[in-house]
Amino acid sequence: MPIEKIVPDATTTSHPTWTDVASGTGNVHLALDADDSNYARCTTVTNAFIVSFGNLTSTIASINSIRFYVNGFDSGVRGGQDGVSFDLLNASNSSYSLSENKIFTDTTLTTVQAGTERTTSDGSTAWSESDVNGLRMTVIWLTENDPNCQLSLDHLYIDVDYNAPAADEPTYDTTVNSIHITSGNINVTGGNIFI
């Protein structure tokens, strides 16, 4: 099954303690949309921001599951340890109650941490394309073990595992002994075609 990655495309609710390291703005989505040397950094524990994600661009028949991934590190102190909450929201900023906590240390920069694979938003209904296109996430720095900690997040994204629509298949009409196709090619190997 194909997978499409969606990344943050806007900071819908910012907090001034979260900055985009490259430009120093509060547009932390700019730091989270790629695995690079730009970080979303915060120096004050308990502060949060909300990001939205780009829309799916693939042709979707159904969605099997979604899962978020993130990497980051504590850039302030050796042995620093930061607890961070990641909470999926719908387009109206209501929580799906799927919050997960991840721990970042001074050695986790290259470690991509995976959230739980989610096949439904409510325990029974599969994700729809509009659900996924409306996804947002609250990121909250919950805990630190040293007042000199600085939390730096590098890349946050959601993998969407989906099914593509079935390809148009040629149909064989036995009443007139012919094959009808709406698009594509017919390849014949090891046989004959009689017209």
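Let's start with strand 4, residues 40-42, which pairs with strand 11 in the antiparallel sense, over three bridges. If you want a place to put your finger, take R41: its bridge partner in strand 11 is S152. Before I go on, please keep in mind that this is a predicted model.

Strand 11 has further partners, so let's stay with that strand for a moment. How many bridges join strand 6 to strand 11? Twelve bridges do, with strand 6 covering residues 62-74 and the two strands running antiparallel. Here you can look for I63, whose bridge partner in strand 11 is Y162. Then there is strand 1, residues 3-6, which also pairs with strand 11 in the antiparallel sense, this time over four bridges. In that pairing, E4 has V160 as its bridge partner in strand 11.

Is strand 11 itself mostly covered or mostly uncovered? Mostly covered: this strand spans residues 151-163, and twelve of its 13 residues are buried. While we are in this area, have a look at K5, which lies over the face of Y157, at 4.1 Å from the ring centre.

Now let me step back to the whole chain. You will find two helices and 13 strands in it. The chain has 195 residues, and 39% of them count as buried. Its accessible surface comes to about 10,300 Å², and carbon and sulfur atoms account for 48% of that. And here is a number about contacts: take those between residues at least 6 apart in sequence, and 74% of them join residues at least 24 apart.

On to the aromatic rings. A quick reminder for anyone new to this: we describe a pair of aromatic rings by the distance of the centres and the angle of the planes. The structure holds six aromatic pairs. One of them is formed by W18 and F49, an edge-to-face pair at 4.8 Å centre to centre, with 70 degrees between the planes. What does this pair tie together? W18 lies in strand 3, residues 18-20, and F49 lies in strand 5, residues 48-53, so the pair ties together parts that are 31 residues apart in sequence. W18 has a relative accessibility of 1%, so this tryptophan counts as buried. F49 counts as buried too, because its relative accessibility is 1%.

Another edge-to-face pair is made by F86 and F104, at 6.3 Å centre to centre and with 65 degrees between the planes. F86 sits in strand 7, residues 81-89, while F104 sits in strand 8, residues 100-105, so here the pair ties together parts that are 18 residues apart in sequence. Both F86 and F104 are buried. These two also belong to a cluster, in which ring pairs link F68, F86 and F104.

Last, a word on cysteines. How many disulfides does the structure hold? Zero. Two cysteines to look at are C42 and C149. C42 counts as buried because its relative accessibility is 0%. C149 is buried as well, with a relative accessible area of 1%.

To finish, let me take you back to where we began. When you turn the model yourselves, you could begin at strand 11 and find strand 4, then strand 6, and then strand 1. After that, go and find W18 with F49, and the cluster of F68, F86 and F104. Thanks for listening!

Note on methods. Residues numbered from 1 in each chain as written. Predicted model: local features only at pLDDT ≥ 70, side-chain atom pairs only at ≥ 80, totals over all residues. Heavy atoms only, no water. Phe/Tyr/Trp six-rings, centres within 6.5 Å; stacked < 30°, edge-to-face > 60°. Buried < 20%, exposed > 50% of the residue type's maximum accessible area, 1.4 Å probe, protein only. Lys NZ or Arg CZ within 6 Å of the ring centre and 35° of its normal. Contact = heavy atoms within 4.5 Å. Areas by Shrake-Rupley, 256 points an atom, 1.4 Å probe, with all protein chains shown as cover. Pairing = 2+ DSSP bridges. Disulfide = S-S within 2.5 Å.
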